[in-house]
Amino acid sequence: MNAFQFSDLISFSSLMSTLGTATIVILAGLGCLMTEKAGMMNIGLDGIITGSGFVAAVVSWAADSWALGLLAALATGLILGLFYGVMVIRLKSDEFVIGVTLNMFLIALSTFLYRSLPAEANGLHVTEGTGMPIPKISLSMGSSNPINISILVPVALILVAVCQVFLYRTRHGFWLRAAGEHPESLQSVGRSPAKMKYMASLACGAFCGMAGAYLLNYVDGFSEGFSASRGYIAVACVIFGRSNPLLVTLAALFFGLVDTVGQRLQVFGVVDSNLTAAFPYAGTILMMIVLAVYNKARKPKRKAETAEAVK
Amino acid sequence: MKWKERGIYLLSLLISIVLGLGVGALLMLATGHDPIEGYTAMVNGALGSKWDADTILKNSELGNTLYRSTLLIITGLATAVASDAGLFNVGGQGQMCLGALVGAYLGAELTTILPFTAGWPVWLLIVVCFLAATLAGAIYALIPALMKVRLNISEVVSTILLNSVALTFCTYMSNGPLKAQGKGTQTAAILKDLEFTRFFKPSNLSQAVFIAAGMALVVWYLMSRTTFGYEMRMAGRNSRFAKFSGLKASTLAVTGMVISGALCGALGMLEVFGWKHRYAVDLSTDFYWDGMLVAMIMRYKPLGIILMSFFFGILKSGAIRMQSSTGISPELIQVIQAIIIFFMAAEQGMILRFRTWRARRHPQHEEVISA
């Protein structure tokens, strides 16, 4: 095994690996920030990712086509987004309760169904022959070996720009934000806040569906609870990216970097693998604290308000 | 009116449970199992067959059901205490893990690292371990609570992430610094004298159940019979109102969360002393989620949680038999639980819609909405 060098951490392959893990969080984060902007934060991302990832695995295995798998994941995401919307908007349930329950429900359901699959479908946990490999594009930079990344990675980055433009440069984006910030005024100009909220909820489902398909591809197949709290990391990124698509993406990239550093340190045997597994989670928490302290120091006027506000 | 509300609540709870079990049956059918066979295996596996006066103490199925119910009661109450104070503790799993690790470590090493404790009576050693584990859980819950009230960082997210940190940390400790010689990923066994006596052998039920019952009683009393519990609930429901009533909402919220974490930490230690006798990675702490679901179903009412825990204790413990005899995966129970929550969560919205609809058609019912 090679000696550990810090230059290994800033190589082109590290960069790509960072982007690779961050893409899941970016996609899920985009979905979450849409609902946050519309005034109801969906924290059921993990469940939607796992559920749509499972459907993608089954469909792509049965149909032997990655495109159908991706479509199935998107459709599952949309259905779950609609379900969340109906529960929270129409039936006025608590958004956190629904989000947390959605996570547990879908993770348990997909595990249950996964175990009930016929024996020949057990190949779902390996990529070979399942039909799911999403086409990859090959990138090379100078002398380093070409690195393959999924086409969903550039798609995710384009979607970030699309979301940014949509939210801040279009009428619908304006209405969507108004539905969260001031639903009454949106109503007074004859627009339905509920409609915008449904739109956000559906978008969240679709984004998480795509994240599920990507994750399936990224970790080489479905396994029980395979989203590994990445959905919650996305929620954390949305919180300190203040729901701005670009800032959320930066936060997600930071998460990807921490994850990559952890993996690299593990490869070189510097730190025990059981400890590096905690890196992304601990890093995310530290990042939240640092940012919150920074924001608090910057706005001394609002200090009293924040300290008092428990809810 | 209050009784009418309660009646509606109980009725919808019953309907939700029936619907949840119905969906469970459909899932069994869909995966090629016989639902009647599945549920029969579940009930048999949960209640056992030995019910005579002289054999009941050998009814290990019943013992396991009681054991499961205890776990659900404590975790459910832990969720409820925090929720009453206005915070959502999703991090019970991590708090429980740390409590178990601390308990296991002290149970094995206390007399070695602190030689003067060697002469202490057994009960005192147990109390020390119990308090240490409680403290570990409490401190681990204090972090997200402070993050919430001081920095306004969502406790749902931070507790979930802290779960993963605690789990990996405990795995690291039991595979590294605290690893038992020549064993897998586990710490050394606690001293023989400290182990709790087990009943209904070979079930997992032990003397720990009495401590857990005591904890449940204290929490129930605290939450529903004291001024402190009332203040906490008030602060949790409406922090601004609490502020104007001269209460410190943030302090109460932190206290609620710390009590919740302490309960989880203590439960982790009880798990170690009553059953595993060491910290091992297969020490199941994920039942915190089940307890949380029970608390949500019962809307964080202590008495309701205690009663409902027995029902879900039967489902959970029967699920193991169901799997061994029919091959149905035990995750089905979590699916059923989640469906019940969905129905219960939608219930209020549905009732409201129904009343609006009825009031529109029959205006004489108008007062029902305003009431």
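Which residues is B:Ser164 in contact with, once its neighbours within four places in sequence are left aside?

**View 1. Surroundings of B:Ser164 in helix H6 of chain B.** In this predicted model, B:Ser164 is found in helix H6 of chain B, which covers residues 155–175. Leaving aside its neighbours within four places in sequence, B:Ser164 is in contact with A:Ser229 and A:Tyr281. Because its relative accessibility is 13%, and buried means under 20%, B:Ser164 counts as buried.

**View 2. The largest nonpolar core and the contacts of B:Phe273.** The largest nonpolar core holds 193 residues, of which A:Val100, B:Phe273, B:Met296 and B:Ile297 touch the most other members. The element that gives the most to this core is helix H1 of chain A (residues 12–37), with 13 residues. When neighbours within four places in sequence are left aside, the contacts of B:Phe273 are B:Gly103, B:Gly107, B:Ile126, B:Cys129, B:Ile190, B:Leu194, B:Glu195 and B:Phe196. A second, separate core is made up of eight residues, among them B:Leu87, B:Ala141, B:Val149 and B:Val254.

**View 3. A nonpolar patch on the surface, with B:Leu114 as one of its members.** The patch is formed by B:Ile113, B:Leu114, B:Phe116 and B:Trp120, which together have about 380 Å² of accessible area. B:Leu114 lies in the loop between two helices of chain B, namely H4 (92–113) and H5 (122–151). Because its relative accessibility is 35%, which falls between the limits of 20% for buried and 50% for exposed, B:Leu114 counts as partly exposed.

**View 4. A:Leu82 and its contacts with residues distant in sequence.** A:Leu82 has its place in helix H3 of chain A, which comprises residues 66–90. Not counting residues up to four places away in sequence, A:Leu82 touches A:Tyr198 and A:Leu202. The C-alpha atom of A:Leu82 is separated by 9.7 Å from that of A:Ala200, although these residues are 118 residues apart along the chain. With a relative accessibility of 42%, A:Leu82 counts as partly exposed.

**View 5. Helix H2 of chain A and the residue just after it, A:Asp64.** Helix H2 of chain A (residues 45–63) has 19 residues and reaches 26 Å from its first C-alpha to its last, which is close to the 27 Å expected at 1.5 Å a residue. Just after this helix, A:Asp64 takes a positive phi of about 55°.

Terms used:
Residues are numbered from 1 along each chain as its sequence is written. Chains are lettered from A and ligands numbered from 1 in the order in which they are written. This is a predicted model: local features need pLDDT of at least 70, side-chain atom pairs count only at pLDDT 80 or more; totals for chains, interfaces and linings use all residues. Side-chain values use heavy atoms; hydrogens and water are left out. A nonpolar core is a set of buried Ala, Val, Leu, Ile, Met, Phe, Trp, Tyr and Cys residues joined through side-chain atoms within 4.5 Å. Buried means under 20% relative accessible area, exposed over 50%, partly exposed in between (1.4 Å probe, protein chains only). Helices (H or I, at least four residues) and strands (E, at least two) are DSSP runs, numbered from the N terminus. Contact means heavy atoms within 4.5 Å. Patches are made of residues with over 30% relative accessible area and no salt bridge: like charges are joined within 9 Å, nonpolar side chains (Val, Leu, Ile, Met, Phe, Trp, Tyr) within 5 Å. Accessible areas come from the Shrake-Rupley method with a 1.4 Å probe; for residues, only the protein chains shown count as cover. A salt bridge is a side-chain nitrogen of Lys or Arg within 4 Å of a carboxyl oxygen of Asp or Glu. The expected span of a helix is 1.5 Å times one less than its number of residues.
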